[in-house]
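Visitor: I'm new to this one, so could you take me in for a close look at a single part? I'd love to hear about the salt bridges.

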Number of protein chains: 2
Amino acid sequence: MKRFYNFSAGPSMLPESVLAKAADEMLCYETSGQSVMEMSHRSKPFEAIIAGAEALVRQNMAIPDDYHVLFLQGGASLQFHMLPLNFMTINKKADFTLTGTWAQKAAEEAKRLGTANIVGSSKDKKWSYLPEITGADPEADYFHICYNNTIEGTQYHSIPEVGAVPLIGDISSGVLSAPLDVTRFAVLYAGAQKNLGPAGVTLVIIRKDMMERIPAGLPAMLSYKTHVDGGSMYNTPPCYAIYIFKLVQEWIRDMGGAEVIYRQNQEKARLLYDFLDSSSLFFSPVEKSVRSLMNVPFLTTEKDADKAEALNKKFVKESEAAGLVNLAGHRSVGGMRASIYNAMPLEGVQALVAFMKEFEARCA
Amino acid sequence: MKRFYNFSAGPSMLPESVLAKAADEMLCYETSGQSVMEMSHRSKPFEAIIAGAEALVRQNMAIPDDYHVLFLQGGASLQFHMLPLNFMTINKKADFTLTGTWAQKAAEEAKRLGTANIVGSSKDKKWSYLPEITGADPEADYFHICYNNTIEGTQYHSIPEVGAVPLIGDISSGVLSAPLDVTRFAVLYAGAQKNLGPAGVTLVIIRKDMMERIPAGLPAMLSYKTHVDGGSMYNTPPCYAIYIFKLVQEWIRDMGGAEVIYRQNQEKARLLYDFLDSSSLFFSPVEKSVRSLMNVPFLTTEKDADKAEALNKKFVKESEAAGLVNLAGHRSVGGMRASIYNAMPLEGVQALVAFMKEFEARCA
């Protein structure tokens with residue numbers, strides 16, 4: 001068994017200690033005589049697991065008591081519908097910054113239920129920067145941002161000021177990569193499959209006063225009220241994904257929390273961006289001040305499109321052979337992309353940079 | 001590590017060989033250098049896993065080519081909304097038999113979107129039988145049944161004849177417990193956490209002609225068209241749950257398929273029901289002809305309510321100490337319930353009956 005450095009954008013690397021513990025407990029969790037996968041969600045051991053997952057994420061993210069924490073299904077994509085259904089309910093309009101594929105999808109789904117007002121877009125320059133906000137509506141039911149843009153490699157290093165309008169943030173690929181002031185937001189949500197655990201569970205954090213906006217009579221599964229009232233167990237939750245989520249939260253706590261993780265992420269990102277900025281073959285297409293700590297797209301300086309494509313393919317193939325996997329770029333950006341989430345060790349980034357240097361020396 | 005016999009109604013027992021394989025592959029799946037939890041859903045190894053899961057369930061359930069097979073999130077509960085949203089679209093009405101808690105919930109969610117016509121109910125006798133169908137509407141957009149009633153312990157051993165109206169079946173707790181003629185149905189759906197794998201993935205089987213009924217403009221995540229077009233990967237699917245699903249399908253195939261599993265289930269159920277029918281202390285509240293092979297509620301003959309409750313508690317406590325866990329009945333039925341899904345070995349039911357005999361001798 002040889003484990004690779006996995007640069008996948010999600011699902012993505014998990015801490016090896018988490019996987020080892022999960023393997024160890026697979027046939028029998030503690031003294032329960034059962035796998036976590038086999039446990040009734042109404043049983044004492046599982047109730048302790050889900051309560052522990054919530055307590056730990058509250059601690060690691062410093063989530064105040066006036067916020068609900070939910071574990072839902074359907075990924076961020078289902079949230080794109082649930083958010084306007086539950087919260088675009090007073091003036092039937094909301095503000096959006098368009099900063100990439102996922103921000104666009106959030107706005108598109110909202111458009112089915114009301115007015116999605118676009119108050120900034122970086123589409124003109126292939127999403128390579130974060131736009132100024134213009135024309136924000138003080139009557140908007142909420143203001144939506146995508147905190148970190150997984151495909152395009154940008155990240156809000158400071159949170160936009162939106163006045164009294166409730167701010168909603170998709171933090172799927174940035175959650176717990178750095179300290180984040182939860183109190184700046186009315187609602188936060190994140191698919192787990194980047195920094196929180198396996199695909200199949202979605203963290204949703206809702207400031208309690210927002211609950212008043214939820215209309216009665218929504219389909220049960222699409223109302224946040226249902227899930228708050230049911231403690232995320234209105235129906236059977238994705239128990240095993242929540243269990244892994246809890247193990248990941250324990251790992252973050254044991255590492256020293258979000259501040260320590262943040263410093264490690266800065267070190268990893270600096271190593272890679274410094275190399276990209278000094279390379280004669282590779283470069284980052286993203287404006288320096290908004291580069292993501294988590295997702296690092298990079299291109300080659302090859303101008304000829306066919307030759308560039310051949311070079312990308314060669315890079316991906318050879319890096320894979322060197323145990324550096326999932327480095328192909330997203331088709332909408334091209335080139336390569338290294339996702340360096342919390343669980344990617346510094347050694348993985350060092351190995352990547354060493355490989356890139358060697359490749360550059362050979363192919364530039 | 002001592003594994004118990006786990007009679008949970010779901011999530012529930014999984015084959016030990018499946019868990020052992022999952023544990024073994026946790027840190028590195030085949031030669032991928034990654035856990036299945038860490039794999040990009042767009043990677044070759046995961047594409048092979050989801051394709052394998054589909055091929056195996058098609059084989060084990062004999063699903064014809066003119067049906068789509070989907071792996072979705074949100075459990076059967078989200079299907080209660082998606083089904084009328086997608087299919088109650090022509091005459092805006094559908095027929096339902098009410099046979100328990102889950103059948104009722106399916107009808108309640110449908111009521112939000114049109115007319116849910118109740119064509120039979122066994123509520124008058126605490127859901128202990130399956131009702132005759134009266135007043136079925138030939139213009140109904142579909143006819144919905146709950147094939148096996150997890151809480152109440154009834155099961156349709158023959159599928160109702162509904163003419164040309166598309167039949168939709170919730171088969172969550174009965175799927176692959178016995179051969180089922182898929183072609184009798186237009187749509188079938190099942191939360192995985194009973195006979196298919198862990199909680200967090202839902203199997204949905206749709207006859208292709210039904211797709212024409214789906215309105216345009218639905219929220220992306222709530223349209224079956226989205227998921228068919230995306231091959232269950234419009235967004236990140238619950239990859240690990242699908243992987244375990246595949247391992248369970250391999251186990252069913254290796255056991256000899258649905259027919260062999262069915263004979264084992266009959267043997268297990270007969271053992272338990274025969275004892276209940278001969279016992280002086282325990283009895284089944286369910287009409288003989290419709291008893292579930294999977295979920296066996298049972299009560300004691302104690303007439304005094306307080307004494308009965310004390311006896312139930314004593315039974316559950318002592319059975320747990322004997323390594324027979326999760327035998328408490330659902331609060332709506334009371335008493336006890338033994339769920340004996342596919343993965344429960346005959347030895348587990350033998351141990352339960354032996355314990356019940358001993359308990360009866362001591363306490364009757």
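Guide: Here is a walk through some of the salt bridges, starting with a pair inside one helix. Keep in mind that this is a predicted model. A search of the whole structure turns up 32 salt bridges over all chains, so let's pick a few, given that the term asks for a side-chain nitrogen of Lys or Arg within 4 Å of a carboxyl oxygen of Asp or Glu.

Start with A:Arg58 and A:Glu54, whose side chains meet at 2.9 Å, N to O. Both sit in helix H2 (residues 44-61) of chain A, and because they are four residues apart there, about one helical turn separates them. A:Arg58 counts as buried, at 17% relative accessibility, while A:Glu54 comes out at 25% and counts as partly exposed.

Now hop to A:Lys93 and A:Asp137, which form a salt bridge at 2.8 Å, N to O. A:Lys93 lies in strand E3 (residues 93-98) of chain A and A:Asp137 in the loop between strands E4 (115-121) and E5 (143-146), so this pair ties together parts that are 44 residues apart in sequence. A:Lys93 is partly exposed, with a relative accessible area of 25%, and A:Asp137 is buried at 18%.

Over in chain B, B:Lys21 pairs with B:Glu25, and their closest N and O atoms are 3.8 Å apart. B:Lys21 is partly exposed at 38%, whereas B:Glu25 is buried at 11%.

Last stop, back in chain A: A:Lys314, A:Glu318, A:Glu358 and A:Arg362 are joined into one network by salt bridges that share partners.

Methods. Residues are numbered from 1 along each chain as its sequence is written. Chains are lettered from A and ligands numbered from 1 in the order in which they are written. This is a predicted model: local features need pLDDT of at least 70, side-chain atom pairs count only at pLDDT 80 or more; totals for chains, interfaces and linings use all residues. Side-chain values use heavy atoms; hydrogens and water are left out. Helices (H or I, at least four residues) and strands (E, at least two) are DSSP runs, numbered from the N terminus. Buried means under 20% relative accessible area, exposed over 50%, partly exposed in between (1.4 Å probe, protein chains only).
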